[in-house]
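Thanks for making the time this morning. I would like to walk you through one structure, starting with the overall make-up and then moving to a few places inside.

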Amino acid sequence: MPENKQSWTLLELAEEAGISARTIRFYISRGLVDGPEVAGRGATYGRGHLEQIRTVLARQSQGLTLAEMARLPDHPPRHSALPQPEAWVCYTLEGDVAVWVRQDIAPWRNREVLRALDEFALKIKRKKQEDEDHEK
Amino acid sequence: MRNEEPGIFMPRCARSGDELPLAMQQLFLTGRILPAGARLVVQHRFQSAARKPLEVVYTFLLPRDAALRRFEVQGPGFKAHSELQPPRQAQENYERGVAAGHLSVLARGYRDGMVNLSLGNLNPQEEVLVALEILAGVDLRDDGFRFRFPFTLAPSYHPDARAILLEDQELQMELPADRFDDLLLPAFRKSARGLHQIGFEVDLDVPWGIEEIGSPSHSIRVCGSRRVILAPAADLPDRDLVLDVRSEMGETRLLSGQTGDGRRHFAALIPSTHFGVRKEAARNVVFLMDRSGSMSGEPIAQARKALAACLAVLGAEDRFGLVAFDDRCETFSAELKEADPRNRRAARDFLTKIDARGGTELAAGIREAAAMISGRGGDIFILTDGQVFETEGILQTARRAGCRLHSLGIGSASQDRFLALLARETDGISRFVTPRERVDQAALDLFASVACPVAVGFRVEGLEPSGGRWSPEPSPSVFPGCPVLLYGDCVAGTDDGITIRYSTAAQEAPGRIVLSGADSCCGETLRLLRGARRITDAEARLESDDSAIGRRTAARQEEYLAALSREYSLASRSMSLVAVVERAGDRPGEPPVTQVVPLGLSQDMVLEETQQIMYCLSAPEAAAPPSPVAFSCALPMMEESAACMNELPAWPTDFDRLMDLSIRIEPDGGMPGEKEEERILVSLLLLLAFLANGDDLRSGAFRSHVARLVDFLERELPAGLPEEKLRVAKETLRRVRERKPAAGPWMDLAEGMLPEKAHRPVEEAWAALSEKDHPPDSGTLLR
């Protein structure tokens, strides 16, 4: 089955996941996997369903029972196409140089990065100054 | 009739939280039971009260030597029959049917004789009946047979299983998919109330007549002389049905009938008495005791006592070992020990320290016990509840051990199918006891049976008329009380009878058994019973080794199994049963909601036991304390357990007292005493106590003890006694041989004569012995 396929029937999904269709129906009935994206005739399942099934199988291999999984806070695991947002800060060091730094890094790391940036900024400022002096 | 009892657990919809009423309403067993096996129909009635289509999965365990024949699915306006197909094809057809919105039914077999019966797309308010035909074996004996049908399934041990105990007092278990594929286990509920109802109405078909019918598991009613019906209107699915049918075989019997292909199929039942009696010889025996958590409580206490009594039967020439196993093995000694008084005393002390704990690593126990026997030849005597999954690997270990293995299954959830196979595959015999029966009594009885086979090297050499075929090969060892059952077929139309030519190790010339009699059975039933037995044997021998060679062997064996299935039209692990019913108005839609039918915890199981199983599953190395969830449930169950204990008879019973006395028998076969005369006296008293209890040289659980006492007395009498006492003693021995019990306080006197008693009633005892033959008014010699 092509990896880029976006929707599957239950039987195709079962083949992709390597488990029986009945097992997937059982997971859906237990609320561990979402129901089909399109109900009724031609019910389909997407990549999110496959990820949910893989999560269930991975948790089983860690020794969790289905009942224990149902009690987890992230149950059922959601797998959206849109990634989680991340906060970044932009330092424009010069008109032609900008550096992006993630905002949620540890404070000690942030201090290190800022110290390095400070040095870097001084260095390119000095270099720029030297170049201007040389031209004069 | 719907399960809507208020206040009990109901499965709920994962999304809405709404209750989902249980769709399986009733399970009703009918059919015909012969001494050679049973042909049964199990009716499953499903009715959905849900708003959406349901997929209902019912998990059950096959009885011993059983196979599914076919099913019929019936509903409003439709009736369909199953087809036999390879599992993958059957599953694909089932799934296609479910996807198309049709009613689909699949019966697929898995390891350990477990079956998932799946019924997909049961519409709201629809009522569907699935009638499943099953062929099953019975536990055959010279004096009748015992039939067992599983109405429940016990949570059992598997090292890789996952389990959780929920607040609502329900145990959920999941088995590893790499070993059990997509098998769905039921939830095990503390109480079976509110689950589906069970009932039965079966006919017994014994051509030579029935003397007695009983059931230690259910209240039954017997209509006429053959029909057995559950006495109450319905019962709970929390224990197996066990029926005991007493019907003395007496002589060799033939069950036969013709089939449409012109063959005459038969089952020959040859009682063990046909082979005569053999004197017991010195033996090597290892007692293997299951001390897993599920044995806790009364079973292990009784097992300890039973083993102590078995030790008392051993003579000075015998050698024994003792292994207790859970997920570890503990041995009494590294090698076999002589059964002298010191070793037997030490073994009894060892037994008192054995408590229930841990998992059920039976294979390790068998390996340990076999290593002790190691090439000397001998028997392993197992006491276990057999609550273990993935039994094929254990069977493989047992076959490789090269010892005879005799098993006693304990409890309402012991896996009869597995334990019967374990014994048969190693040339031994098996028995089981229900919670309402005494383990110690059954253990003694079994131990007495296996003391010495009446025939070894038994082999069928041929059949007459020529062209007759037989299979499977019977066990080469024949034990007292256990008949030989031989299935075969020959050309139809010969009324001259069938002759079996056989040989044994002790015979110089082949023996002949002539079976005569007209056809009395359905030939097709006998053919199917033979097929079910062959399929069970083939399934038990499926290679479970995961190596490349093992997988190749397993593939070949599965092909053979599929061929057997096709030959007999019976399902197996290599062939499933499937039916798809296209109802008017069916259309593809949302997948049905899957509901696994829950079962009641077996009647004698309590929460502490399931907790023990869970400990072993979650942490085999170091058992963690119970979770708060589990512990909160423990107290009411412990109270229930205590209540069960209170129902036991007052302690000690006569049997207990006899057991305590029998444990003291010395290796030379006599009772202990300070002087030889006292030893003879207390041995005579105990003999009379046994006789009064119904035990003699041929029957009763203590028959081996009786034999040892008689041997001792016959040896010791001439030298040790004055003339008058000698006469009284000989008279007592005569009574024992002639099975003539005498009234008297024999047990009280025997207990009073034990060496630790300060004042032993020696003269009173001799007087009582004398009076039994010459009442006081006719004068006594010893006053």
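**Chain B, from the outline to the interior**

Let me begin with the outline: the secondary structure of chain B comes to 18 helices and 36 strands. Please keep in mind throughout that this is a predicted model, and that what I quote is computed from it. Of the 783 residues in chain B, 61% count as buried, and among the contacts between residues at least 6 apart in sequence, 75% join residues at least 24 apart.

Two helices show what burial looks like here. Take helix 8 of chain B, where nine of the eleven residues are buried, so the helix is largely enclosed by the rest of the structure. The buried residues there are B:Val439, B:Asp440, B:Ala442, B:Ala443, B:Leu444, B:Leu446, B:Phe447, B:Ala448 and B:Ser449.

The other one is helix 6 of chain B, residues 391-401, in which the buried residues include B:Thr391, B:Glu392, B:Ile394 and B:Leu395, followed by B:Gln396, B:Thr397 and B:Ala398. What covers the buried residues of helix 6? The cover includes helix 5 (362-373), strand 27 (404-410), helix 7 (416-424) and helix 9, again in chain B. After helix 6 comes B:Gly402, which has a positive phi, near 75°.

Now to the aromatic residues. A search of the whole structure finds 13 aromatic pairs over all chains, and I have picked two of them. In one, the ring centres of B:Phe458 and B:Tyr502 are 5.4 Å apart and the planes stand at 40°, so this pair counts as tilted. Because B:Phe458 lies in the loop between helix 8 (439-449) and strand 29 (459-464) while B:Tyr502 belongs to strand 32 (residues 498-503), all in chain B, the pair ties together parts that are 44 residues apart in sequence. Both B:Phe458 and B:Tyr502 are buried, and together with B:Phe275 they form one aromatic cluster.

The other pair is B:Phe655 with B:Phe702, whose ring centres are 5.1 Å apart with planes at 45°, so it too is tilted. This pair links distant parts of the chain, 47 residues apart, with B:Phe655 in helix 13 (residues 654-662) and B:Phe702 in the loop between helix 14 (676-692) and helix 15 (703-720) of chain B. Here, too, both B:Phe655 and B:Phe702 are buried.

One more ring deserves a look, that of B:Phe432. The charged end of B:Arg148 sits over this ring, 4.5 Å from its centre, and the charged end of B:Arg146 also sits over the ring of B:Phe432, at 5.0 Å from the centre.

Finally, the empty spaces. The search of the whole structure finds nine cavities of 30 Å³ or more, and the largest has a volume of about 100 Å³. Which residues lie nearest the centre of the largest cavity? Of the 18 residues that line it, these are B:Leu62, B:Gly109, B:Val115, B:Glu539 and B:Ser572. Strand 4 (67-75), strand 7 (103-109), strand 8 (114-122) and helix 9 (523-540) of chain B each supply at least two residues of this lining, and strand 7 gives the most, with three. By class, the lining of the largest cavity has eleven nonpolar, three polar and four charged residues. Helix 9 has thus come up in two places, as part of what covers helix 6 and as a contributor to the lining of the largest cavity.

Terms used:
Residues are numbered from 1 along each chain as its sequence is written. Chains are lettered from A and ligands numbered from 1 in the order in which they are written. This is a predicted model: local features need pLDDT of at least 70, side-chain atom pairs count only at pLDDT 80 or more; totals for chains, interfaces and linings use all residues. Side-chain values use heavy atoms; hydrogens and water are left out. On a 1 Å grid over the protein atoms alone, a cavity is a set of points where a 1.4 Å probe fits but cannot get out, and a pocket is an open set with protein on both sides within 12 Å along at least five of seven lines; lining residues have an atom within 4 Å of a point. Grid points are joined across faces, edges and corners, and a volume is the space filled by probe spheres set on the points. Helices (H or I, at least four residues) and strands (E, at least two) are DSSP runs, numbered from the N terminus. Ala, Val, Leu, Ile, Met, Phe, Trp, Tyr, Cys and Pro count as nonpolar, Asp, Glu, Lys and Arg as charged, and the others, Gly among them, as polar. Rings of Phe, Tyr and Trp (its six-membered ring) pair if their centres lie within 6.5 Å; planes under 30 degrees apart count as stacked, over 60 as edge-to-face and the rest as tilted. Buried means under 20% relative accessible area, exposed over 50%, partly exposed in between (1.4 Å probe, protein chains only). A charge sits over a ring if NZ of Lys or CZ of Arg is within 6 Å of the ring centre and within 35 degrees of the ring normal. Contact means heavy atoms within 4.5 Å.
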